[in-house]
Amino acid sequence: MENLLEVKHLKKYFNTKHGTLHAVDDISFTLQAGKTIGVVGESGCGKSTLGRAVIGLNEVTDGQIIFEGRDVTHLSLKERKKMVHDMQIIFQDPFTSLDPRKSVFDLIAEPLKINHMTGSKDELTKRVIELMDTVGLAKRFLYAYPHELDGGRRQRIGVARALALEPKFIVCDEPVSALDVSIQAQILNLLQDLQEQRNIAYMFITHDLSVVRHISDEVMVMYVGTMFEKAEAQELFDHPIHPYTLGLLSAIPVPVVNKNKEKIIMAGEISMPINPPAGCRFAGRCPFATEACHTVTPELEEPFPGHFVACHNMREIHRDHNIVIP
């Protein structure tokens, strides 16, 4: 199957008064239509910047973005406006991302009006109601305002706006992190249903590993702008390799306390992404770090088919657990 999206060595740097901030540093991945890639990592690791760069909200410093076989890395404003039909985003906070002065009708109608997707007012109203029905938002809320709705309903408006132009790819930027657990499940099920019905591809950005396991086909682990590990979701959770991934997984809360469960404590401070030196960016916090980790940047390797890891010491680490990495 051909890839819908290819991201090649993507970099996004910001100039600051203290130096160059490496927000996204040499990220590569592919994504097929109807599939989901989850992007996980601590706050500030570059997940959202990556998503915004892919859809053109942030100008790329270096690298390539190939969408349906076409290079869309550096498009003119006119060409970028055409791309919004195919690439959309659902923002994290369903309150601050919506204009509080506009009703539900106006919020959902806005992208349809701007892109001349409907003709008459009746046709526009019909299309807005169809989108509300698609995302499970009752018609009685047509002229309600965001402050009158709960978080789940507000986020459904965000989903409806993203669907309005019938995109092929949507960046979901932590779309359920601000919602209650029961509402999270509703939104996740809605996104999965829409994916099955419309063959939409998602980049699902989150720091919640339970969520990413539920929704993703493939998972990418980011740390300070770089990719540490990438594999199919089940493979990553069953056989994590990088020490940072091991630490993240060991921190997942479980309903039953298991005294025998190994807890990996990631002490120390996150390294600064401004003018980062050579070496692994996790070395200062990694209990397995050696001298090479502080001086030589690890390259991505593929120890198992489709499972990519950037770690100098992965073989030594897992030998102690009777896991043989070729």
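Biologist: Happy to look at this one with you! Which helices and strands each supply at least two residues of the lining of the largest pocket?

Modeller: Glad to help, and do keep in mind that this is a predicted model. The largest pocket holds about 670 Å³ of space. Of the 24 residues lining that pocket, Val84, Gln88, Ile89, Pro111 and Arg161 are the closest to its centre. The elements that each give at least two lining residues are α2 (77-83), β6, α3 and α5.

Biologist: Nice. How does the lining of the largest pocket divide into nonpolar, polar and charged residues?

Modeller: Glycine is counted with the polar residues here. On that basis, the lining of the largest pocket has four charged residues, seven polar and 13 nonpolar.

Biologist: Let's turn to α5. Why is α5 largely enclosed by the rest of the structure?

Modeller: Buried means under 20% relative accessible area. The residues of α5 that meet this include Gly151, Arg154, Ile157 and Leu163. Those buried residues pack against β6 (87-90), α3, α4, β7 (169-173) and α6 (181-198). The helix is largely enclosed because the buried residues number eleven of 13.

Biologist: And what does α5 reach from its first C-alpha to its last?

Modeller: α5 has 13 residues, and at 1.5 Å a residue the expected value is 18 Å. The model comes close to that, with a reach of 18 Å.

Biologist: Which helices do the buried residues of α3 pack against?

Modeller: α3 covers residues 104-114, and its buried residues include Phe105, Ile108 and Leu112. After this helix comes histidine 116, with a positive phi near 50 degrees. The packing partners of the buried α3 residues are α4 (121-134) and α5 (151-163).

Biologist: Good to know! Which strand gives the most to the lining of the second largest pocket?

Modeller: That pocket holds about 430 Å³ of space, and among its 20 lining residues Asp25, Asp26, Thr226, Thr297 and Pro298 lie nearest the centre. Three strands, β1 (5-16), β2 (19-31) and β10 (226-232), each supply at least two of the lining residues. With four residues, the one that gives the most is β2.

Biologist: Last one, about closed spaces. How many charged residues are in the lining of the largest cavity?

Modeller: The whole structure has two cavities of 30 Å³ or more, and the largest has a volume of about 90 Å³. Its lining includes Cys280, Cys286, Cys293 and Cys311, along with Phe282 and Phe288. By class, nine lining residues are nonpolar and three are polar, while the number of charged ones is zero, that is, no charged residues.

Conventions:
Residues are numbered from 1 along each chain as its sequence is written. This is a predicted model: local features need pLDDT of at least 70, side-chain atom pairs count only at pLDDT 80 or more; totals for chains, interfaces and linings use all residues. Side-chain values use heavy atoms; hydrogens and water are left out. Buried means under 20% relative accessible area, exposed over 50%, partly exposed in between (1.4 Å probe, protein chains only). Contact means heavy atoms within 4.5 Å. On a 1 Å grid over the protein atoms alone, a cavity is a set of points where a 1.4 Å probe fits but cannot get out, and a pocket is an open set with protein on both sides within 12 Å along at least five of seven lines; lining residues have an atom within 4 Å of a point. Grid points are joined across faces, edges and corners, and a volume is the space filled by probe spheres set on the points. The expected span of a helix is 1.5 Å times one less than its number of residues.
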